[in-house]
Amino acid sequence: MATKAKPTDEFRDHISTVDDQGKRVWVYPKKPKGKLYNYRKYVSYFLLALLFSGPFIKINGLPLLMLNVVERKFVIFGVLFWPQDFFILVVAFLALVVFIILFTVVYGRIFCGWVCPQTIFMEMIFRRIEYAIEGDYTKQRALDKMPWNAEKILKKGSKLTIFLLISIFISNIFLAYIIGIDELKKIIMDGPLEHTAGFGAMIVFTGMFFWVFTWFREQVCTIVCPYGRLQGVMQDKKTVVVAYDYGRGEPRGKLRKNQERTEGDCIDCHQCVQVCPTGIDIRNGAQQLECINCTACIDACNDIMRMIDKPEGLIRYESEEAIETGKKWTFFTNRVMGYTAVLVILMTALAALLLTRDEAEATILRTPGQLYQKTEQGHIKNLYNISVINKTNHDMPLTLKLLNKEGTIKVIGSELVLPAQGIAEGVFFTEIAKEQLSGLNSEIEIGVYSGEELITTTDTKFLGPAN
C-alpha cells in the first residue's frame with residue numbers, strides 16, 4: 001500500500017502558479033533589492049546594451065551576428081557561413097550543448113537568473129516599469145481587485161501601451177538578427193506593402209513578446225523552457241544552487257520580543273516567498289522545478305538577518321551536499337572533468353575547422369550527357385559546370401588551373417567574377433593530353449585562384465578513352 005506524501009513534499013505535486021482547480025495563480029512578487037540584485041542589474045545592462053547594439057556592429061562589412069534561416073546564410077562574429085559549412089555549425093552546436101551541460105552540472109540554473117533573455121526582459125525591463133506605474137506587490141494586487149475606474153484605466157492603459165512599444169522595439173531587434181539591419185531598414189523605409197513577409201514577421205514577433213511579458217510571464221520558465229525541464233537531470237548534490245540552510249534555520253519560529261529564542265535562525269517572515277518571481281518557497285528544498293536561481297530570496301533573507309543580528313547566508317549559493325554534510329564544496333568532480341575533456345576536444349576540433357576553412361567553396365561537375373571530345377592535336381576535352389560560393393564580403397575575379405596534370409582550362413563566355421557573399425556559376429572546357437590519362441575515368445584536381453592566391457581546390461573526374 002502506498003504511503004501518503006508528507007505535507008512538506010506536497011509542493012512537488014504541482015507547480016506554484018496553478019491552484020487545486022487547475023487555474024492560474026497570478027504571481028505578485030515584492031520589489032527586490034539588495035547587493036546581488038544590484039549586481040544582476042549591472043550584468044543585465046551590459047547584456048542589453050550588447051543585444052541592442054549587436055545588429056549595428058559590423059566586422060569586415062558583415063554583421064556581428066545574423067542567422068538568416070530563409071536564405072540559409074549565417075554570420076557569426078563577422079564570419080559568413082553557408083549550408084556547405086553545416087558540419088562546422090554542428091560541431092559548434094555540440095560544443096555549446098556540452099558547455100551548457102558542464103555549466104549546469106557545476107553552477108545549476110545561474111544562467112536562468114543572470115543571463116537568460118526571458119529573465120532579463122521580464123525582471124529588468126517589464127517588471128520595473130510595472131513597479132513604477134502600479135506600485136509594489138500589495139498595490140498591484142489591490143489595483144487588480146479594484147473595479148474599473150479612471151485610476152485603473154490610466155495605470156493599466158499606460159502600462160500596456162509602454163509594454164507594446166517595447167515589444168515593437170524588441171521585435172525589430174530580433175528581426176535584425178535574422179535578416180540583417182540593412183534589410184530591416186528597407187522594410188521600415190519602403191513601407192509594409194513592399195515587404196509583406198518582413199512586416200508580417202514584425203507583427204508576429206511583437207505579438208509574441210507582448211503576450212509573453214504581459215500575461216504568460218514566469219510560465220515560460222516553469223512550463224515551456226526545455227532547459228528548465230532538463231536541469232533536474234543534469235544537476236546532482238554537488239551542483240551549486242540557491243539553497244536554504246535547513247540545518248541552521250530549522251525549526252522555524254516567529255521572533256518574540258524579550259523571550260529567549262530556542263528555534264533556528266529562520267523567523268518564518270515569508271520575505272523569501274514574497275520576493276520570488278515564480279512564487280515558490282525556497283525553504284521547501286533545493287533544485288525545485290520553478291527556481292531560476294535569481295538570488296532575490298538571498299537578498300531578502302540577508303536583509304532580515306541583518307535586522308535581527310544574525311549572520312547572513314541562511315539562504316545562499318551552495319551545494320546540497322555541502323549543506324547536508326558541512327563539507328566544503330569541490331569543483332573538480334569526475335563528472336565535471338569528463339565533460340571538460342569532451343568540451344576541450346570539441347573546441348579543438350572547431351578551432352581546427354575554422355582555421356582550415358577556405359574563403360570560397362567550389363563545386364565542379366561534368367556537364368550531364370556530354371562525352372569527351374578529341375582535338376586535332378589528339379588531346380581530350382571535357383565540358384564542366386562550376387558553381388563557387390563566396391564566404392567573404394569582397395568581390396573576387398576567378399581563374400582556374402589544373403594542379404595535378406598538364407593541360408589547359410578555357411572558360412566559355414565572360415570571365416568568372418565571384419560577388420561578395422554571392423555565388424558565381426559558369427561553364428568551361430578542360431583539355432589534357434591523352435598520354436596523361438589513366439583510363440576511362442581519371443582523377444583531376446582543379447585550383448580556384450583569385451589573382452595569385454589559391455582560395456580553394458576541388459577534385460572531379462575526367463572522362464577519356466578506355467586505352
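**Values set against their cut-offs**

Colleague: Why does Asn 390 count as buried in this predicted model?

Modeller: The relative accessibility of Asn 390 is 0%, and buried means under 20%, so Asn 390 falls within that class. The residue lies in strand E10, which covers residues 379-390.

Colleague: What makes the approach of the Asn 390 side chain to the backbone oxygen of His 394 a polar contact?

Modeller: The side chain of Asn 390 reaches that backbone oxygen at 2.8 Å, and a polar contact requires a pair of N or O atoms within 3.5 Å, so the distance meets the cut-off. The backbone oxygen of Pro 419 also lies 2.9 Å from a polar atom of the Asn 390 side chain, a value that is likewise within 3.5 Å. Leaving aside neighbours within four places in sequence, the residues in contact with Asn 390 include Leu 80, Trp 82, Glu 359, Met 396 and Pro 419.

Colleague: How do you know that E10 and strand E15 are paired, and in which sense do they run?

Modeller: Two strands pair if at least two bridges are found between them, and E10 and E15 (residues 423-433) have eleven, in the antiparallel sense. Within E15, the residue standing opposite Leu 383 is Phe 429. Strand E13 (residues 407-411) is joined to E15 as well, antiparallel and through five bridges, with Thr 408 having Glu 431 as its bridge partner in E15.

Colleague: Why is H1 called roughly perpendicular to H4?

Modeller: Helix H1 (residues 35-53) and helix H4 (residues 117-134) pack at an angle of about 105 degrees, with 10 Å between their axes. Angles of 65 to 115 degrees count as roughly perpendicular, and therefore H1 takes that label relative to H4. On the H1 side the contact is made by residues including Tyr 37, Arg 40, Leu 48 and Phe 52, and on the H4 side by residues including Ile 120, Phe 121, Met 124 and Arg 128. By class, the residues of this contact divide into ten nonpolar, two polar and four charged.

Colleague: And what makes H1 oblique to H6?

Modeller: Here H1 and helix H6 (residues 150-179) pack at about 60 degrees, their axes being 9 Å apart. That angle is neither under 35 degrees, nor over 145, nor in the range from 65 to 115, so H1 is classed as oblique to H6. The contact is made by Leu 50, Leu 51 and Phe 52 of H1 and by Phe 169, Ile 173 and Tyr 177 of H6. As for class, six of the residues are nonpolar, with no polar and no charged ones.

Colleague: Why are E12 and E17 called the edge strands of their sheet?

Modeller: Three strands form this open sheet in the order E12-E16-E17, with antiparallel pairing. Strand E12 and strand E17 (453-463) each pair on one side only, and that is what makes them edges. From one strand to the next, the twist averages 30 degrees. The pairing of E12 with strand E16 (residues 441-450) runs over four bridges, where at least two are required. Within E16, Val 448 is the bridge partner of Leu 400, and Gly 447 that of Lys 401.

Colleague: How do the side chains along E12 divide between the two faces?

Modeller: In a regular strand the side chains alternate between the two faces of the sheet. Along E12 (residues 399-402), Leu 400 and Leu 402 point to one face and are buried, whereas Thr 399 and Lys 401 point to the other and are not.

Colleague: Is Thr 295 buried or exposed, and what is its phi?

Modeller: Thr 295, in the loop between H12 and helix H13 (296-307), has a relative accessible area of 1%, and since the buried class ends at 20%, Thr 295 is buried. Its phi is positive, about 75 degrees, although Thr 295 is not a glycine. Most residues other than glycine have a negative phi.

Colleague: What makes Asp 309 exposed?

Modeller: Exposed means over 50% relative accessible area, and Asp 309 has 70%, so the label exposed follows. Asp 309 sits in the loop between H13 and strand E7 (315-319) and also has a positive phi, about 60 degrees.

Notes: Residues numbered from 1 in each chain as written. Predicted model: local features only at pLDDT ≥ 70, side-chain atom pairs only at ≥ 80, totals over all residues. Heavy atoms only, no water. Axes fitted to C-alpha atoms, helices over the stretch in contact; angles between N-to-C directions. Contact = heavy atoms within 4.5 Å. Nonpolar A, V, L, I, M, F, W, Y, C, P; charged D, E, K, R; others polar. Buried < 20%, exposed > 50% of the residue type's maximum accessible area, 1.4 Å probe, protein only. Polar contact = N/O pair within 3.5 Å; in protein donor to acceptor, adjacent residues only side chain to side chain.
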